[in-house]
Amino acid sequence: MLNIKIFLSNLSHHPGVYQMLGESGEVLYVGKAKNLKKRISSYFTKNSTDLKTASLIKQIKDIDITVTYSENEAVLLECNLIKKHRPRYNVLLRDDKSYPYILISIDHPFPRIDLYRGARRKGGLYFGPYPSAGSVRETISLLQKIFGIRTCRDNHFDARSRPCLLYQIGRCTGACAGLITKEEYDKNLQLAILFLEGKSDIVIEQLQVQMEGAAKGLDFETAAHIRDRIKRLRSIQERQYINVTDGNADVIGMAVQAGIICVQLLSIRGGQILGSRSYFPTVPSHATHAEIITAFITQHYLSHPSHIDAIPKEIIVEEAILDKKMLENVLSDFAKQKVVVLNPARGEKHKWIQMAAKTAEQTLSAHVVSKTNMEDRLRALQAALHLAKLPERIECFDISHSSGEATVASCVVFNQEGPLKRDYRRFNIKNIIPGDDVAAMRQVLERRFKRLQKDAVAMPEVVLIDGGVAQRRVAQEILQSLNITGLKVIGVSKGPDRKPGFETLITDEGPRHLPADSIALHLIQQIRDEAHRFAITGHRNKRDKTRRQSTLELIPGIGAKRRRELLRYFGGIQGLAHASLDELTKVPGINRSLAERIFATLHDTIP
C-alpha cells in the first residue's frame with residue numbers, strides 16, 4: 001500500500017510522466033507534468049471535487065514515476081504509454097493510421113495519380129495530408145473528370161495498345177494508346193498540380209485563355225469542353241474555399257450524446273477544405289471537454305510519424321485546453337514551425353468551430369441510432385439462441401475459392417457496437433484437396449482458436465459457421481480437442497437459390513428457421529454477408545495475383561523487356577510454349593543459354 005505522504009515528500013520538481021497502478025499492477029492512468037511534485041500532489045488535496053479523480057484515487061495502490069529531461073519528452077512518453085497500456089481512466093483514441101496523401105509519380109513520361117500512405121520517398125509529388133482515404137478518392141475522381149490524369153499502374157499502362165473503359169467514359173485521355181501527346185498531357189498535369197496546391201484561380205484563368213483560343217480557331221467542341229471544366233472547377237472552388245491564415249489549419253469540434261463522444265477533425269490546407277473525419281474515442285466517466293480535446297490533440301498528432309509531419313500552423317478548438325503552452329511548445333518543436341492552439345469566441349474562425357461541431361452532431365446522431373439498433377438486434381439474438389447473457393463478441397467464418405483455386409478463409413468479428421474491423425483476419429488455406437470446404441473450415445478453425453488460446457484473449461460467445469451440418473460438426477470437434485467450452489456454435493446454411501430469409505440455423509437442438517422479418521436473423525445475415533464479402537475479396541486478390549504472374553517471371557534473366565519481346569514474337573504464351581529451341585534463339589535479346597532455360601521451364605510447367 002502506497003504511503004502517500006512519504007511518496008510526495010520525495011518527489012522531484014522535474015518534468016516527467018506518472019503511471020497510477022491498481023491492485024494487480026495494471027495501469028489505471030497515465031499523465032504528464034511540467035512539475036511532477038506539484039501535479040501529483042494536486043490529486044490528493046482535500047478540496048478536490050472531481051468525481052473521476054475521486055474514483056481513481058480509491059483504486060491507486062502505487063505510482064510509477066519517470067523523470068524526463070524536457071516537457072517534450074514527457075508529452076511524447078505519455079502518448080506512447082497510453083497507446084501501449086490503454087488505461088481505463090485515460091481518454092483513448094483508437095485510430096492511429098497514417099495520413100493518406102495524393103501522390104503524383106514523376107518517374108514516368110506520363111505520370112499517374114494515386115492514394116499513398118507511409119513514409120515519403122523520392123520520385124513523387126505529395127499533396128495533403130487528407131483526413132481520410134475517402135477524401136483522397138473523391139479528389140482523385142475529380143482530377144480524372146476534369147484533367148484526365150491516369151490512375152492505372154505503370155505495367156498496365158505499358159502493356160496496353162487500346163484505351164480502357166475510363167477513356168470511353170471521359171475519365172482518361174488515353175495516353176496509353178497515344179491519343180494525347182506528351183505536351184498536352186503535361187499541360188493537364190500542371191493544371192492538376194496547381195489545383196492541388198490551392199491555386200484554382202490560376203487554373204481557371206489558364207483554361208479561359210485556352211477556351212478563347214479554341215473559340216477563335218472555330219473549334220467550338222473543344223471550347224465547350226473547356227467551358228464545362230471551368231464550370232466544374234468553379235463549383236468545387238465555391239464549396240472548398242475558405243479564408244485561413246497561411247491556408248493551413250485543423251478545426252476540432254465535438255459532440256456528446258447518450259454517453260458517446262464524437263470528435264470531428266476538419267482539415268484545411270492551402271485555403272481549401274480537404275475534408276473531415278469523425279473519431280469516437282473511449283472516454284472515462286466524468287471526463288471534461290477540455291480533457292478530451294487535450295488528449296485528442298496529443299494522441300492524434302504525436303502517435304504516428306506521418307501525423308507529426310502534418311501538424312498545421314493553427315489548431316482551432318471550441319474551448320480552452322489543458323497545458324496549452326506546454327502542448328504548443330511540443331507541437332512546434334516536432335513540426336519545426338510555430339504552432340498555436342486557438343480558442344476563438346467570435347469571428348470567422350468561430351464559425352469554423354460551429355461547422356465542425358455541427359458535423360460532429362450529425363455524425364454522432366447517425367452513430368447512436370446505429371448503435372441502438374445493434375443493441376436491439378443483439379437482444380433479439382440472445383432470445384432466439386437462448387443465450388444466458390447479451391453476447392459481447394461474435395465471430396463468423398467463411399470459405400471462398402474458385403473450383404478449389406486460391407482458397408481463402410475469413411474470420412469477421414462483431415461486438416456490441418457492430419463490426420470490429422481491426423480484429424478481422426484472413427487465412428490462406430493450404431495442403432487440402434482443392435474444393436474441400438470441410439477440410440478448409442477445419443484448418444481455419446484450428447488455427448484461429450489455437451491462436452486465441454496462445455494469446456489468452458477473450459473467446460467469442462457465439463461462433464457462426466457459414467455452412468451446414470458437416471462444417472458445424474468440424475467446429476465442435478476442434479473446440480472439443482482444444483478443451484474450449486461454453487461457446488454457442490451455429491451453422492448458417494443458405495436457403496433455396498441462396499435467397500435471404502430462408503436460411504437454416506444448425507443448432508444443438510437441430511435445424512431451426514427464424515421468421516424472415518426477425519431482427520435476430522437480420523443480424524446473422526449481416527455478419528454472414530460480411531464474412532462472405534471479406535473472404536471473397538481476399539480470394540479474388542490472391543487468385544488475380546496468381547493469374548497475373550507469368551511463368552516467364554519465374555525464369556532468372558528474363559525481365560519485363562524480354563518477356564514483352566517473347567510474347568510479341570510468338571503472339572502469346574501458348575505460341576511460346578510450342579516454340580522449338582531454335583525458334584527461341586531467333587528472338588532479339590535471347591541467346592542460346594537463355595533459350596535453353598526458357599525451353600526447360602516451359603516444358604516442365606506446360607503440358
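1. Strand 1, covering residues 16-21, and strand 2 pair with each other in the antiparallel sense, and 6 bridges hold this pairing. The model in which this pairing appears is a predicted one, which a reader should keep in mind for every point below. As background for a first look at such pairings, the strands of a sheet pair through backbone hydrogen bonds, and they may do so either parallel or antiparallel.

2. Two residue pairs show how the register of this pairing can be followed along the chain. V17 stands opposite K32 in strand 2, while Y18 has G31 of strand 2 as its bridge partner. The hairpin formed by strand 1 and strand 2 has 5 residues between the strands, and in this hairpin G25 takes a positive phi near 85°.

3. The hairpin strands belong to an open sheet of 3 strands, whose order is 2-1-3 and whose pairing is antiparallel. Strand 2 and strand 3 (62-67) are the edge strands of this sheet, since each of them pairs on one side only. From one strand to the next, the twist of this sheet averages 15°.

4. Helix 4, which spans residues 71-85, packs on this sheet and touches strand 1, strand 2 and strand 3, and its direction makes about 165° with that of strand 2. Is strand 2, at residues 27-33, mostly covered or mostly uncovered? Strand 2 is mostly covered, for 7 of its 7 residues are buried.

5. A further open sheet, also built from 3 strands, has the order 5-4-6 with antiparallel pairing. Its edge strands are strand 5 (113-116) and strand 6 (124-127), each of which pairs on one side only. In this sheet the twist averages 30° from one strand to the next.

6. Within the sheet of order 5-4-6, strand 4 (residues 101-105) is joined to strand 6 by 4 bridges, and the two strands run antiparallel. One position to look for in the structure is I102, which stands opposite F127 in strand 6.

7. Which strands does helix 5 touch where it packs on the sheet? Helix 5, made of residues 133-147, touches strand 4 and strand 5, and its direction makes about 175° with that of strand 5. Helix 8, made of residues 182-196, lies across strand 4 and strand 6, and it runs at about 155° to strand 4. Strand 4 is therefore a useful place to begin when tracing these helices, as helix 5 touches it and helix 8 lies across it.

How values were computed. Residues numbered from 1 in each chain as written. Predicted model: local features only at pLDDT ≥ 70, side-chain atom pairs only at ≥ 80, totals over all residues. Heavy atoms only, no water. Pairing = 2+ DSSP bridges. Axes fitted to C-alpha atoms, helices over the stretch in contact; angles between N-to-C directions. Contact = heavy atoms within 4.5 Å. Buried < 20%, exposed > 50% of the residue type's maximum accessible area, 1.4 Å probe, protein only.
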